[in-house]
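Visitor: I have a few bench-side questions about this protein. Could you walk me through them?

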Amino acid sequence: MVAGAQSKALTKGSPYPEKAKENLRLFSGRFCPFAHRTRLALNHKQLPYEIVNVDLKEKPEWYSKISPLGKVPLLEEAEERRTAESLIIVEYLDDKYPDKNPTLSTDPLKRAQQKMVVEVITSKIMGPHQQTILKGEPENKEALLKALDEIEQIFLKSYSGLEPISFVDLMIWPWFERLPAIEQLRNMQFPRERFPAIMGWCDRMRQEPSVQSSAQPTEVHLEWYKTRNPNVGL
């Protein structure tokens, strides 16, 4: 396990942590899908790094001084070189370590197309995903199912995934890892017969070492969602 992965999140009053033992240090949030993206990429590239978890609701006073947006993820290197935003960090890692399991194509057009697919899929799933977690009303559930219908068509027509695992797979996976927890939280179903391409891709993704080493069990995601919805499941 990556050092610090399960560490308690630093909050107001927490001192700035000692310098990382590894060259790379990731300021992260255990349940943040954007930080999850970066952990997936670091694990896929097999780069040694440490994690510092940050409480985003009660951030340490020093965090705004090192993070230009006050968010996670934030990648810190030796000599306090820092990079923010998940997609920017992952592209930077690909450029800096091109011999370490690259995820982006070196062809400019294919590279642009990979980024476009990520933007399209993320834009479809992120809002309905979040609203279903927070509210779970019939219209929220239907919006999430509709988003998955649209993504299913993308998988069928223009993106099959894992040939081999790429930037697209890693950057969209965090939202799909959380679907089983939403099923339990909101008494929903994402039937395989309705989403065969998505569910087949999910099966293959779960076999990937980088996914396995970055995964949170469904039960852990579910408990986290319950803390945000205290009347759910009680």
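Visitor: Is Cys 32 buried or exposed?
Guide: Happy to help! This is a predicted model, where local features need pLDDT of at least 70, side-chain atom pairs count only at pLDDT 80 or more, and totals for chains, interfaces and linings use all residues. Residues are numbered from 1 along each chain as its sequence is written, and side-chain values use heavy atoms, with hydrogens and water left out. Buried means under 20% relative accessible area, exposed over 50%, and partly exposed in between (1.4 Å probe, protein chains only). At 13% relative accessibility, Cys 32 is therefore buried.

Visitor: How many disulfides does the structure hold?
Guide: A disulfide here is a pair of cysteine sulfur atoms within 2.5 Å. The sulfur of Cys 202 has its closest cysteine sulfur in Cys 32, 19 Å away, so a bond is ruled out by distance. The count of disulfides is 0.

Visitor: Which helices do the buried residues of H8 pack against?
Guide: Helices are DSSP runs (H or I, at least four residues), numbered from the N terminus. H8 spans residues 196–205, and 7 of its 10 residues are buried, including Trp 201 and Cys 202. With contact meaning heavy atoms within 4.5 Å, their partners are H5 (138–157), H6 (167–177) and H9 (209–214).

Visitor: What kind of aromatic pair do Trp 62 and Tyr 63 make?
Guide: Rings of Phe, Tyr and Trp (its six-membered ring) pair if their centres lie within 6.5 Å; planes under 30 degrees apart count as stacked, over 60 as edge-to-face and the rest as tilted. For Trp 62 and Tyr 63 the centres are 6.0 Å apart and the planes at 75°, so the pair is edge-to-face.

Key: Helices (H or I, at least four residues) and strands (E, at least two) are DSSP runs, numbered from the N terminus.
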